[in-house]
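Biologist: Got a minute to walk me through this one? Let's start with the charged pairs.

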Amino acid sequence: MARFSVSGGDDGEGSSNHQSRKRQRLPSIDEDEETAGSSGEEDEEDDRQIESMSDDSEREVSIEEARRIAADPVTSKESSLSVTLLDPDVLDCPICCEPLKAPIFQCDNGHLACSVCCTKVRNICPSCTLPVGYIRCRAMEKVIETSRVSCTNAKYGCKERMLYVNRFSHEKLCVFAPCSCPVLDCNYTGYYKDLNSHVRAKHKDEVVPFVWDVSVTIRLDKTTILQEEKDGEVMVVQAFRGLHVVYVVVTCIAPSAREVGCFSYYLVTVPLAVDGSLVQRSMMKNVQKLSNEQPEDGFMVIPSYMLSGSSRILLGRGRAYGHA
């Protein structure tokens with residue numbers, strides 16, 4: 001966008017006085033009584049003065065229009081420069097591969113390093129062994145501070161644009177982070193609400209329907225996929241066999257975004273041949289994709305002999321429930 005510089009006061013008095021002075025140079029009524037030759041010359045001068053006033057007026061309108069465009073946030077946004085980086089890694093520290101952020105340093109050969117890495121390498125450039133950590137690279141700092149990027153989840157619906165240094169922190173909590181279908185041999189991946197609709201439409205016969213706060217009977221000798229009848233949230237109960245035990249994990253297929261919320265479960269297992277029951281109540285994790293590896297935490301251990309009985313699970317929003 002072109003930039004305009006206007007001299008004079010900001011209150012408009014400068015242009016008003018300018019026009020007043022031009023008006024004062026116009027011939028007075030008494031001067032009309034002069035000779036015809038003199039009047040003709042004055043008439044020509046009047047025409048030139050009027051044209052000058054018209055030109056000044058048009059210039060002032062153009063300046064005001066420029067000011068209006070500059071103040072318009074929509075127009076200003078459209079005037080931003082779009083740049084495509086063939087190698088996005090140029091905005092990352094070449095040592096730790098994390099996004100660069102001020103202060104950014106360079107050695108005498110121009111190799112860059114973030115402030116943390118300068119300390120780690122003891123101020124010796126790993127590329128050329130020259131000192132690094134004493135000369136700021138202001139140009140790259142300016143590039144980083146003014147660079148905005150789209151979320152990598154844009155194809156799934158995210159419209160956020162953020163500073164490059166905030167990209168990874170946003171994507172970790174982005175509600176549009178892609179989630180994978182938990183049904184075996186299904187390769188669908190998408191926004192979690194689209195995934196919920198996909199499961200309802202394509203895998204209706206492969207899931208167990210449930211209602212919030214109402215317990216449902218499940219089997220713990222295999223993986224069970226459940227879907228809430230109204231809201232459509234997809235929950236999965238996985239069973240991993242160990243030595244005389246089964247490790248049970250309950251998860252929700254959704255990103256770890258605040259907009260999704262949190263969920264809890266209450267699981268009760270009652271064996272046939274033994275009195276008593278085994279109870280587990282906990283908050284469940286949100287995962288974008290199921291893991292087939294034995295969990296390291298957040299699981300329930302059930303002795304194998306208890307699998308002969310029945311198990312019931314109650315799923316709810318927010319808090320851990322008291323009974324199933």
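Modeller: Sure. This is a predicted model. It holds six salt bridges.

Biologist: Take Arg 138. Which residue does Arg 138 form a salt bridge with?

Modeller: Glu 141. The closest N and O atoms are 4.0 Å apart.

Biologist: Where do those two lie?

Modeller: Both are in helix α5, which covers residues 138–146. They are three residues apart, about one turn of the helix.

Biologist: Buried or exposed, for each of them?

Modeller: Arg 138 is exposed, because its relative accessible area is 54% and the cut-off for exposed is over 50%. Glu 141 is buried, at 5%.

Biologist: Which residues are linked with them in a network of salt bridges?

Modeller: Arg 136 joins in. The network links Arg 136, Arg 138 and Glu 141.

Biologist: Next, Glu 171. What is the salt bridge partner there?

Modeller: Arg 167. The closest N and O atoms are 3.3 Å apart. Both residues are in helix α6, residues 167–172. They sit four residues apart, so about one helical turn separates them.

Biologist: And is Glu 171 buried or exposed?

Modeller: Buried. Its relative accessible area is 16%, and buried means under 20%.

Biologist: What about Arg 317? Which residue does it form a salt bridge with?

Modeller: Glu 233, with the closest N and O atoms 2.8 Å apart. Arg 317 lies in strand β17, while Glu 233 is in the loop between β10 and β11, so the pair ties together parts that are 84 residues apart in sequence.

Biologist: How accessible are Arg 317 and Glu 233?

Modeller: Arg 317 counts as partly exposed, at 35% relative accessibility. Glu 233 is buried, with a relative accessible area of 8%.

Biologist: You mentioned β10 and β11. What do they form?

Modeller: A hairpin, with five residues between the two strands. Gly 232 in the turn has a positive phi of about 90°. Four bridges join β10 to β11, residues 234–241, and the two run antiparallel. Leu 226 stands opposite Met 235 in β11.

Biologist: Which other strand do bridges join to β10?

Modeller: Strand β8, residues 208–210. Three bridges join it to β10, and this pair runs parallel. Pro 209 stands opposite Gln 227 in β10.

Biologist: How many residues of β10 are buried?

Modeller: Five of its five, over residues 224–228.

Biologist: How do those split between the faces?

Modeller: Thr 224, Leu 226 and Glu 228 are on one side. Ile 225 and Gln 227 are on the other. Both faces are covered. In a regular strand the side chains alternate between the two faces of the sheet.

Biologist: Back to β17. Which sheet is that in?

Modeller: An open sheet of four strands, in the order β9-β17-β13-β14. The pairing is antiparallel. The edge strands are β9, residues 216–218, and β14, residues 278–283; each pairs on one side only. The twist averages 25° from one strand to the next.

Biologist: How many bridges join β13 to β17?

Modeller: Eight, between residues 263–270 of β13 and residues 310–317 of β17. One bridge pairs Val 270 with Ser 310 in β17.

Biologist: New topic. How many aromatic pairs?

Modeller: Five. One of them is Tyr 191 with Tyr 192: the ring centres are 5.3 Å apart and the planes are at 85°, so this pair is edge-to-face. Phe 210 and Trp 212 also have their centres 5.3 Å apart, with planes at 80°, so that pair is edge-to-face too.

Biologist: Are those four buried or exposed?

Modeller: Buried. Tyr 191 has 14% relative accessibility. Tyr 192 has 6%. Phe 210 and Trp 212 are both buried as well.

Biologist: Which rings cluster?

Modeller: Ring pairs link Phe 176, Tyr 191 and Tyr 192 into a cluster.

Biologist: Last one. What are the pLDDT numbers for the chain?

Modeller: The protein chain averages 78, and 73% of the residues score at least 70.

Biologist: And where does pLDDT stay under 50?

Modeller: Over residues 1–39, where the model has 25 contacts beyond four places in sequence. Residues 73–77 stay under 50 too, with five such contacts. Where pLDDT is low, the predicted coordinates should not be read in detail.

Note on methods:
Residues are numbered from 1 along each chain as its sequence is written. Side-chain values use heavy atoms; hydrogens and water are left out. Two strands pair if DSSP finds at least two bridges between them. Axes are lines fitted to C-alpha atoms, for helices over the stretch in contact, and angles run from 0 to 180 degrees between N-to-C directions. pLDDT is the predictor's confidence in each residue, from 0 to 100. Contact means heavy atoms within 4.5 Å. Buried means under 20% relative accessible area, exposed over 50%, partly exposed in between (1.4 Å probe, protein chains only). Rings of Phe, Tyr and Trp (its six-membered ring) pair if their centres lie within 6.5 Å; planes under 30 degrees apart count as stacked, over 60 as edge-to-face and the rest as tilted. A salt bridge is a side-chain nitrogen of Lys or Arg within 4 Å of a carboxyl oxygen of Asp or Glu.
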